[in-house]
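Student: Got a minute to go through a model with me? I'd like to start with the cysteines and then look at how some helices pack.

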Amino acid sequence: MLRILPICLKIINTILFPIIIIFFYPKTEYWQDKDDLRNVNSHLSGYFKVITIELLEKPMSHNEILKLVYHFKIRLGNLIDKEYTEKDLGKDITFAIEHDIVKEKDGKVFLTLRGREIAKFLQKIVNIVMDTFFSEKMVSIISILLLVLLSILKIQFGMASDCAGLIADGINNMMGSVSYILFWLGSTSALFGKYLIAPIIAVLAMIGLKKFDKEKIFALYYIILMFISFYMIAMASINKIKNPGPVEQSINIFIFSALCAIVMLILSIYQFESGMKLSNFMLMCRSIDSRNHCFMSLLICFVIILSILAEIFNITWLYYGDAIASVIIGLLIIYSALEMSFEFFKSRSERTIVSHFMGREEKKAEKKIIMRWIMGLLRETPLTKQQLEDKFTQQFLKETPKVLIISGFGYNPKSFVNMGQYLDQLIKEKKLILKLDNKYYLPLV
């Protein structure tokens, strides 16, 4: 969840924190009033708020604080570009001392009672945001509302404009809405869930498959609905092939499809990141479907351009682009259904992860983080592979900033990683040199 965190922190810092202080925060204990707390909070940097959460655990020296900020930045893949120097830290500490948030003694910075109050409240807000906006319930509510709205609009606009691609996408949206509602009812109603799950469990048991959890049973319902939507789209595609024609109201449909693509891209990222955070296979399946809806909407935009060109230049065969788009949408759906079917039958011991553009981006970001961390260590002194592995185990794994732990964001590995593959890659890219003493060096510039 690397890419979302800077946005989340900005929202917490600039919007949620002041609102909650005003409307939901009880009477302040060590501050003059809420306005005093809100005013001081607005002048604290985002980095220093991260620092205050860490200072709840123990006092820290300036070097320890700067090291904390370094680990915070590097675990985000340097997504936050702003540097934080000794000079910036000095300004923040001076401001915090003036407002009785921190004090310095024996080279250590520690929180005052006022500082502990604001740090605890910030930590509470992070927990609330993560537990609310990235909960399965909230993701489901937002997804259902968007899918129902877009399925209605797409089918209506598709029929009005005679656009088979838009109708196909609307049908797929509708099936997604139905499956989401079934999952919602099955999760919230024990009786309804029993009647949804029991038949599938019986069928799976008959063919020798047992011990599937509820989440995967509902995923199977979703996969079945994807096959049904593929059949309905195939019918719409055949009709369009038999009766080719222009897309009516092409400009309006183009704008609508472009907006749908943006909405579904955001929803896909949100579902994927939430699914990864919650280790929820169903949400990751949803993210694939939302990703496909984004591609479909972009494809429809392309089809509309073809339809406009066909009318302008009287090239009638370009009208078949709409039918082809509908076929492509159907193929995307059947591919995703087969992909999720494969994941469905994986054993529980195997890691379940569906392919997704965000997943690939996460892997790339993790790779960059490890490689930057290696190069940062080697700037200080050359090290062997064993020494790097020891430092990773003894330092990197144990020095995760608290805000990343409570939020579940950032790169926070739980176990040892294969250091050799990253070192080999850096040598291949000529960013490292391995000498005869078996130590890795940075090349001379």
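Student: Is Cys-294 buried or exposed?
Tutor: Cys-294 is buried, and its relative accessible area comes out at 7%. Keep in mind that this is a predicted model.

Student: OK, and how many disulfides are there in the whole structure?
Tutor: A search through the whole structure turns up 0 disulfides. Cys-294, for one, is in no disulfide, and the nearest cysteine sulfur to it, that of Cys-301, sits 9.7 Å away. A pair has to be within 2.5 Å to count, so 9.7 Å rules that pairing out.

Student: Then which cysteine sulfur is nearest to that of Cys-301?
Tutor: That would be the sulfur of Cys-260, at 8.7 Å, and Cys-301 is in no disulfide either.

Student: And where does Cys-301 stand, buried or exposed?
Tutor: Cys-301 is buried, with a relative accessible area of 7%.

Student: Let's switch to helices. How do α7 and α11 cross?
Tutor: Helix α7 covers residues 136-161 and helix α11 covers residues 250-278; their axes come within 11 Å and cross at roughly 160°. The two helices are therefore roughly antiparallel to each other. As for the hand, the crossing of α7 and α11 is left-handed.

Student: Which residues make the contact?
Tutor: From α7, they include Ile-142, Leu-146, Leu-150 and Phe-157. The α11 side includes Phe-256, Val-263, Leu-267 and also Cys-260, whose sulfur is the one we met as the nearest to that of Cys-301.

Student: How do the residues of that contact divide into nonpolar, polar and charged?
Tutor: For α7 with α11, the split is 16 nonpolar, 4 polar and 2 charged. Glu-136 and Lys-154 of α7 are among the contact residues, and both are of a charged type.

Student: What about α3 and α6, at what angle do they cross?
Tutor: At roughly 105°, with the axes of α3 (residues 46-55) and α6 (residues 113-133) coming within 9 Å. That makes α3 and α6 roughly perpendicular to each other.

Student: Who's touching whom there?
Tutor: Lys-49, Thr-52, Ile-53 and Leu-55 of α3 make the contact with Arg-116, Ala-119, Leu-122 and Gln-123 of α6. Those residues divide into 4 nonpolar, 2 polar and 2 charged.

Student: Zooming out, how many helices and strands are in the protein?
Tutor: There are 17 helices and 5 strands. Of the 445 residues, 48% count as buried.

Student: And what share of the contacts join residues at least 24 apart?
Tutor: It's 74%, taken among contacts between residues at least 6 apart in sequence.

Definitions and conventions
Residues are numbered from 1 along each chain as its sequence is written. This is a predicted model: local features need pLDDT of at least 70, side-chain atom pairs count only at pLDDT 80 or more; totals for chains, interfaces and linings use all residues. Side-chain values use heavy atoms; hydrogens and water are left out. Buried means under 20% relative accessible area, exposed over 50%, partly exposed in between (1.4 Å probe, protein chains only). Axes are lines fitted to C-alpha atoms, for helices over the stretch in contact, and angles run from 0 to 180 degrees between N-to-C directions. Helices (H or I, at least four residues) and strands (E, at least two) are DSSP runs, numbered from the N terminus. Angles under 35 degrees count as roughly parallel, over 145 as roughly antiparallel, 65 to 115 as roughly perpendicular and the rest as oblique. A crossing is left-handed if the near helix is turned anticlockwise from the far one by less than a right angle, and right-handed if clockwise. Contact means heavy atoms within 4.5 Å.
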